[in-house]
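Got a minute to look at a model together? Have a scroll through it first, and then we'll chat.

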Amino acid sequence: MGLRSWNPLHSRDGRQSRLPLYENLNAPSKERDSNDSYDDSDYDGYSDNSSSPGNSRVTSASVSTATPMMSKRTFAVPRRQPLTYRLPNKVVRYLCFGLTSFILIMIFTLIRASHNENKALAEGKIERPPPAPPSWETFPFLTRYYGGIRNLVPFSQNDPEYPRSKGEPPVDKLSYVNNSNWKPDVEERNLPASKEYIRYPQSVFQVAPEQFQECFLDKANKVRVPPIRYYEGRPNGFPEPVLGSYELLGLPEDICFERYGRYGPYGFGYSVRSGGLGTGEHGEKEGFESTWDKVPRVDWTGMNWADTQRRCYQANAARYKAIQPKQPSPHGFYIGEGPAAVTLQTRDTPLARSLQSTNATVKEKNSEPASEANPVEKKLPRTAIVIRCWDEYFWKEEDVMNIRSLISELALASGGRYDVHLLVQVKNDAAHPIWADAATYQRRIEETTPLEFRGLVTFWTETQMLSLYQGIFDLFTRGPDLPVHGVYRGLQMAMQYFAYQHPEYDYYWQWEMDIRYTGHYYDLLTKVENWTKEQPRKGLWERNARFYLPSVHGTWEDFKQMTRVQSEMGTTGADNIWDSIPGADKQQQTGRGEKPIWGPERPKDPKDWFEPEDDPVPETTYEKDKYVWGVGEEADYITFNPMFDPEGTTWGLADDITGYNTTEGNGMPPRRAQIITASRMSRRLLMKMHRETAFLKHHAFPEMWPGTVALQHGYKAVFVPHPLYVDREWPTELFARTLNNGRNGATGGSRTSVFGQREHNLIGLTWFYNSGFAPNLYRRWLGLKVNNDGGEEFEMTVDESKNGTSVNQMRGGEGRMCLPPMLLHPVKDVELPVEANPEDTLEIPESDPGA
């Protein structure tokens, strides 16, 4: 078919002869003019009819007579244009080739651009746009944390600024101000008297007093540490804790501490000439002299805390278990060794000698038969407070008074039940070869540690840990600059080896230099340890995985019941919200309920089990237990943050665990983690960690390794819901959903966990690794300015022009801040104004007037 087929005037029968309509076929042929011949296409219809066989009148004669006399005129018939036009094949081929080439070039260009962009992002060459601010930044700041001792009200009459119940009217923050201007010319003002904490009715000293020999600071047993002091009540409108509970742990909530009553006994508030720290001598300090009413100020010059702790223990050694022999140092034959050999002169020598005589006396007493009148008293375990530090740490006056308070309130106030140690990392052991020379070891201590704390130091290095725990497969989860034996990822190794070297302790508190407590340390740790001892094991791991908000969850019993229902029945979350939708992937669906943790949770591969015969076994089944198993049992692991399941979370260190068989369908081993390494670990747990790391090459990130070992071996681990405060007016229901947003209402086990990409929601708490509220609150409490707020003028003067609606609009004049007991972390680099040291001042001779 050609283009002619589209002409409607063309005959359909192409095989017909093209003859003129009236041409006589029998007539002699003669040439005609071209105009005499007609195109049959003009009369197709007529021609068909005239040539039909039914027309009998058409004869040869009539044909001849019908011949036109004149030639017909030819008319030009316009042709219609075709609807389409077929391009030549050559052109079509070129167009297809060009189009295909263009598509391929675009594909490869996009692939190349994507690769370059990903590479630039990985190398940090592209600046990402700042993310949208989190929603909590729109919540207003709370102001009544910064009230003072001139505006105290009884705890029962306090109307807390936060949290507020539904339906309560908005808070008029000016109603909290007492409007009493502090005038310097007035000598007597309405300021309540402070009291000694050891006389507080709910303190551990009154609730559970212990009988032991009093410990003194000096060898003559004459110098006592002044007791810290408190004020009754709280600043008007002081908020309640959003997390945790005072009542649950037995901690005091109806009192508060200001800076002189808390740190005055340890050198704060008087000069260096008088034996103090030379700080805290300026600003608002009315009533601070009461700290030394009964016990005079202590001259801390020349203090030796190692000797003080030894003397305290020796005076009360009969109360405690016999000390286990120290681990022998591996070495060959030494000619001086023997029964009468002189021990090496180390810092532990006086303690070792005294302990030998003390233990001999104790053995003689114990060898006597016990009578009914004199029953054998149960010996108490002892605990080490191990504070982590490093040799290049810059000690400040605030650090000194904090360590003094730790030793005084734990070692001395307990009668030697606690000892305080400094576990110090030498960062550059190439420049300081402490292991090669004892003199270098001692010299490095003298170069880096204040005189009074030098006897507490135990050094460790990364190369030492590398030699102890060889063969660990390093995943380098944080890059080559942070190896598994380093301080960031291998911190627990130093703690494990410290416990191995110190068998005289049953428990070890791992503490940090940037932790502060505004109350009494002995009261805190004793009540925490007693509370964890009474916790049953049933549902314990499930409770450990959740934050406790009393304003949302109700009483502790309500919280326990809620936890059990959520764990057994399950809740709707991000990991299972689409399970009931038709067409969902059934293979990816998991049951909402969880199997309760009852006994050891071992890895799937039996080759990853380590000494399972030593693990505790449940006394009965989970269903038959009546919350009995575990009551009265000391906890092997105590933490101040929930122990969450890192599986499925966005926490960046969830997979930093090595040495386990994760192939052949075994998957990751069961594990638990908790943020901030501050915790108490039993010797049983630390020795299991030590041996498992050394022999089986198992290890995990320091915040995950203790909880993982406790989980896999069935040890008792307890999260303590201590009181935590928040800096903004979070809606409590929203806060609870944000914190416990993991699997089945827990904090972990899901990508929506608060630990990981959502940790910014915890910055406003008083206890978190990167809290911004804790250091600011602590500095304000010490009388310092923060963000141009607070300070001496704020404490002493009322500014009537301010409306009190925000922190920078507070009127002030309420005196020194007064905080209830609370744990704060992190508190770093606190710079206090210090008077010049008289030993450093230059003596300028008087000039001669006659010169």
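Here are a few questions and answers on a sheet and a helix.

This is a predicted model: local features need pLDDT of at least 70, side-chain atom pairs count only at pLDDT 80 or more, and totals for chains, interfaces and linings use all residues. Residues are numbered from 1 along each chain as its sequence is written, and side-chain values use heavy atoms, with hydrogens and water left out.

Q: What is the order of the strands in the open sheet of three strands?
A: Strands here are DSSP runs of E, at least two residues, numbered from the N terminus, and two of them pair if DSSP finds at least two bridges between them. S2 (residues 195–196) pairs with S3 (residues 229–232) over two bridges, and S3 also pairs with S5 (residues 255–256) over two bridges. Both pairings are antiparallel, and the order is S2-S3-S5.

Q: Which strands stand at the edges of the sheet?
A: An edge strand has a single partner, so one side is left without a neighbour in the sheet. That's the case for S2 and S5.

Q: Which residue of S3 is the bridge partner of Glu-196?
A: Start next door: Lys-195 stands opposite Tyr-230 in S3. For Glu-196, the partner in S3 is Arg-229.

Q: Which residue in S5 stands opposite Glu-232?
A: S3 and S5 run antiparallel to each other. Across from Glu-232 you'll find Ile-255.

Q: Which helix do the buried residues of H19 pack against?
A: Helices are DSSP runs of H or I, at least four residues. In H19 (residues 732–739), Thr-732, Phe-735, Ala-736, Thr-738 and Leu-739 are buried (under 20% relative accessible area, 1.4 Å probe, protein chains only). They cover an arc of only 165° (taken from the directions from the helix axis to the C-beta atoms), which puts them on the same side of H19. What they pack against (contact means heavy atoms within 4.5 Å) is helix H15 (550–553).

Key
Buried means under 20% relative accessible area, exposed over 50%, partly exposed in between (1.4 Å probe, protein chains only).
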